Amino acid sequence: MTPGWQEDEVRSIYTEIAPSYEALFPVLSRYDDRVERFLAEAVTPGCRVLDVGCGPGLHTRDLEASVSVLGTDLSPEMLELARQSRPSGEWRVHSYYQPLPAEWGRFNVALAVGCLDFCDDLPRVLAHLAGALEPGGKLLFTALERRPGHEAHEAPTREIPTGGPPVTLHLYTFEEVSRAVRSAGLQPRAYVHAPGWVQLTEQRTLWFGWWSVERP
């Protein structure tokens with residue numbers, strides 16, 4: 001399988017739902033306040049924040065004005081919504097399968113929440129994100145977690161229907177994510193197994209491993 005093989009399909013899905021995404025978000029997510037608590041602890045005045053798979057920029061739009069935000073997404077339509085909500089931010093089309101361009105500089109804080117569900121090469125992507133962090137930089141990311149006996153989470157992949165071609169979700173065990181974190185040169189800070197988002201077609205909650213990690 002070639003990394004990024006379904007990027008066109010994912011881009012198409014998020015382009016289609018962009019106009020209604022913010023209205024759907026409370027139904028789609030079960031994030032509670034995990035992202036907000038991480039940002040409140042990690043973000044300091046004047047720091048640089050990277051939001052990978054930013055969508056319409058919901059997580060970063062209310063950060064104080066001195067904070068520099070750069071968001072990436074596959075969908076230009078999502079990025080336009082993010083631009084409207086935080087005009088001071090930088091919003092770039094970019095695939096996490098590729099390293100971040102060096103001219104973007106490094107970041108103090110990064111998010112990759114709810115976007116690695118389609119990732120079939122987690123070590124590669126975490127290495128790219130680690131390379132974008134300053135020493136001491138903190139990253140919060142989520143991975144769909146595979147657990148034997150946890151309904152709909154037993155297999156390494158799960159195909160979900162869409163309005164067009166189906167897309168494949170990738171689920172990783174705790175041990176697989178731990179190895180990917182270490183191979184990227186990152187250090188775990190905190191972990192919790194908790195709800196992620198609701199697959200509306202089946203009315204099923206999908207569960208994440210929530211990982212807070214740091215670049216030494």
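Let's start with aspartate 32, which counts as exposed because its relative accessibility is 59%. Keep in mind that we're looking at a predicted model. Aspartate 32 sits in the loop between H2 and H3, and although it is not a glycine, its phi is positive, at about 50°.

There's another residue with a positive phi to look at, and that's alanine 152, at about 70° and again not a glycine. You'll find alanine 152 in the loop between strand S5 (133-144) and strand S6 (157-160). Is alanine 152 buried or exposed? It counts as buried, because its relative accessibility is 11%.

Now, on to the rings. Searching the whole structure turns up 12 aromatic pairs. One of them joins tyrosine 31 and phenylalanine 208, with 6.2 Å from centre to centre and 40° between the planes, and that pair is tilted. What I like here is the link along the chain: tyrosine 31 belongs to the loop between helix H2 (21-28) and H3, phenylalanine 208 belongs to strand S9, and 177 residues separate them. Tyrosine 31 and phenylalanine 208 are both buried.

Phenylalanine 208 has a second partner for us, tryptophan 210. Why is that pair called edge-to-face? Because the planes of phenylalanine 208 and tryptophan 210 stand at 75°, over the 60 degrees needed, and the ring centres are 5.7 Å apart. Both of these residues are buried too. If you'd like to display the cluster that these ring pairs build, select Tyr14, Tyr21, Phe25, Tyr31, Phe118, Phe208 and Trp210.

One more ring, this time with a charge: arginine 48 places its charged end over the ring of phenylalanine 107, 4.2 Å from the ring centre.

Trp210 also takes us to the second largest pocket, since Trp210 is among its lining residues. That pocket has a volume of about 210 Å³. Which elements give two or more residues to its lining? They are helix H3 (34-42), strand S8 (187-199) and strand S9 (204-214). The lining includes Arg34, Arg37, Phe38 and Glu41, along with Arg189, Tyr191, Trp211 and Leu140. By class, the lining residues come out as seven nonpolar, four charged and one polar.

Last, the annotation. An unreviewed UniProt entry places "domain: Methyltransferase" at residues 49-137. In the model, that span is 22% helix and 28% strand, and its end C-alpha atoms are 10 Å apart.

That's my tour, friends; over to you.

Note on methods:
Residues numbered from 1 in each chain as written. Predicted model: local features only at pLDDT ≥ 70, side-chain atom pairs only at ≥ 80, totals over all residues. Heavy atoms only, no water. UniProt positions renumbered as here; feature names shortened; annotations may be inferred. Helix = DSSP H or I, 4+ residues; strand = E, 2+ residues; numbered from the N terminus. 1 Å grid on protein atoms, 1.4 Å probe; cavity = no way out; pocket = protein on both sides within 12 Å on 5 of 7 lines; lining within 4 Å. Points joined across faces, edges and corners; volume = space filled by probe spheres on them. Nonpolar A, V, L, I, M, F, W, Y, C, P; charged D, E, K, R; others polar. Phe/Tyr/Trp six-rings, centres within 6.5 Å; stacked < 30°, edge-to-face > 60°. Buried < 20%, exposed > 50% of the residue type's maximum accessible area, 1.4 Å probe, protein only. Lys NZ or Arg CZ within 6 Å of the ring centre and 35° of its normal.
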